[in-house]
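This briefing sets out the architecture, surface and side-chain contacts of one protein chain. The sequence and the structure are displayed below, and the points after them are grouped by topic.

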Amino acid sequence: MVIDKKTKHMSITEITDMVFKKHMTSLQEGQKAPDFKTTDENGNTVCLSDFKGKKVVLYFYPKDDTAGCTTESCNLRDNYRVFQKQGYEVLGVSADDEKSHRKFIYKYSLPFRLLADTDHQLIKAYDVWGSKMLFGKFYDGIVRTTFVISEQGIIEKIITDVDTGNHTEQILA
């Protein structure tokens, strides 16, 4: 980067924000959603094909019981009846294990299932692992992303710029 009049007085964080490109999934709207087989918080096997004929909100989040992930999950919890009325099944996915998911569900009274992806198979299939930046530091992890999947298993919407406090509105807009 060339230092010029514009960048001369910028902070390192501001300059980094200009040049850093957050990882984005390679999946696209209109494409068939990758099927998966994993377990929920109770160890029950869950496959995408189990939801044929239902719309699915599949949201990937970095970690149970962290600020942004809690805000996002509670927003979906608070609007869960709206999702149900519109025929949606809500599924959260992180790399946390079943025990962590159970504690998170219990602590925040989450009414939907959380899928344990400790081996990163779903995370890789949906291409949501990649470079991130927090407080000027670069690292790899789950990039918060939501997929809205049709009754036929087609990706209808991909949300990569998740507003954790207003996520329901983003999904249903």
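**Salt bridges and the loop between β3 and α3**

K63 is partly exposed, its relative accessible area being 43%. The model is a predicted one, and a search of the whole structure finds six salt bridges. Two of the bridges described here involve the loop between β3 and α3, in which K63 and D65 are located.

- K63 forms a salt bridge with D96, and the closest N and O atoms of the two are 3.0 Å apart.
- This pair links distant parts of the chain, since D96 lies in the loop between β4 and α5 while K63 lies in the loop between β3 and α3, 33 residues away.
- D96 counts as buried because its relative accessibility is 8%, which falls under the 20% limit.
- D65 pairs with K107 in another salt bridge, with 3.0 Å between the closest N and O atoms.
- Here too distant parts of the chain are linked: K107 belongs to helix α5, D65 to the loop between β3 and α3, and 42 residues separate them.
- D65 is partly exposed, at a relative accessible area of 36%.
- A further salt bridge joins R77 and D78, whose closest N and O atoms are 2.8 Å apart.
- D78 is classed as exposed because its relative accessible area of 56% is over 50%, whereas R77 is partly exposed at 25%.

**Overall composition**

- The chain holds seven helices and nine strands.
- Of its 173 residues, 46% are buried.
- Among contacts in the chain with a separation of 6 or more, 62% are made by residues 24 or more positions apart.
- The accessible surface of the chain is about 9,600 Å², and carbon and sulfur atoms contribute 50% of that surface.

**The seven-stranded sheet**

- An open sheet with mixed pairing is formed by seven strands in the order β2-β1-β5-β4-β3-β8-β9.
- Its edge strands, each paired on one side only, are β2 (45-47) and β9 (155-159).
- On average, neighbouring strands of this sheet are turned by 30° against each other, with direction ignored.
- Within the sheet, β4 (residues 88-94) and β5 (residues 113-116) pair in the parallel sense through four bridges.
- R113 in β5 is the bridge partner of L91.
- Helix α5 (residues 98-108) packs on the sheet, where it touches β1 (37-40), β4 and β5.
- The direction of α5 makes about 160° with that of β5.

**I158 in an edge strand**

- I158 is located in strand β9, which is one of the edge strands of the sheet.
- I158 is buried because its relative accessible area, 15%, is under 20%.
- Apart from neighbours within four places in sequence, the contacts of I158 are T25, L27, Q28, E29, T145, T146 and F147.
- T146 is twelve residues from I158 in sequence, and the C-alpha atoms of the two are 5.7 Å apart in space.

**The β6-β7 hairpin and its nonpolar patch**

- Strands β6 and β7 run antiparallel and are joined by six bridges.
- One of the bridge pairs consists of W129 and I142, the latter in β7.
- The two strands form a hairpin with two residues between them, and F135 in the turn has a positive phi of about 55°.
- F135 also contributes to a nonpolar surface patch of about 360 Å², together with L134 and Y139.
- Y139 is found in strand β7 (residues 137-142).
- Y139 is partly exposed, with a relative accessible area of 34%, so it passes the 30% threshold for inclusion in a patch.

**Backbone conformation in loops**

- Most residues other than glycine have a negative phi.
- D65, although not a glycine, has a positive phi of about 60°.
- D65 lies between β3 (55-60) and α3 (67-78), and this aspartate is also the salt-bridge partner of K107.
- D127 likewise is not a glycine, and its phi is positive at about 50°.
- The loop that contains D127 runs between α6 (121-125) and β6 (129-134).

Methods:
Residues are numbered from 1 along each chain as its sequence is written. This is a predicted model: local features need pLDDT of at least 70, side-chain atom pairs count only at pLDDT 80 or more; totals for chains, interfaces and linings use all residues. Side-chain values use heavy atoms; hydrogens and water are left out. Two strands pair if DSSP finds at least two bridges between them. Axes are lines fitted to C-alpha atoms, for helices over the stretch in contact, and angles run from 0 to 180 degrees between N-to-C directions. Contact means heavy atoms within 4.5 Å. Patches are made of residues with over 30% relative accessible area and no salt bridge: like charges are joined within 9 Å, nonpolar side chains (Val, Leu, Ile, Met, Phe, Trp, Tyr) within 5 Å. Accessible areas come from the Shrake-Rupley method with a 1.4 Å probe; for residues, only the protein chains shown count as cover. A salt bridge is a side-chain nitrogen of Lys or Arg within 4 Å of a carboxyl oxygen of Asp or Glu. Buried means under 20% relative accessible area, exposed over 50%, partly exposed in between (1.4 Å probe, protein chains only).
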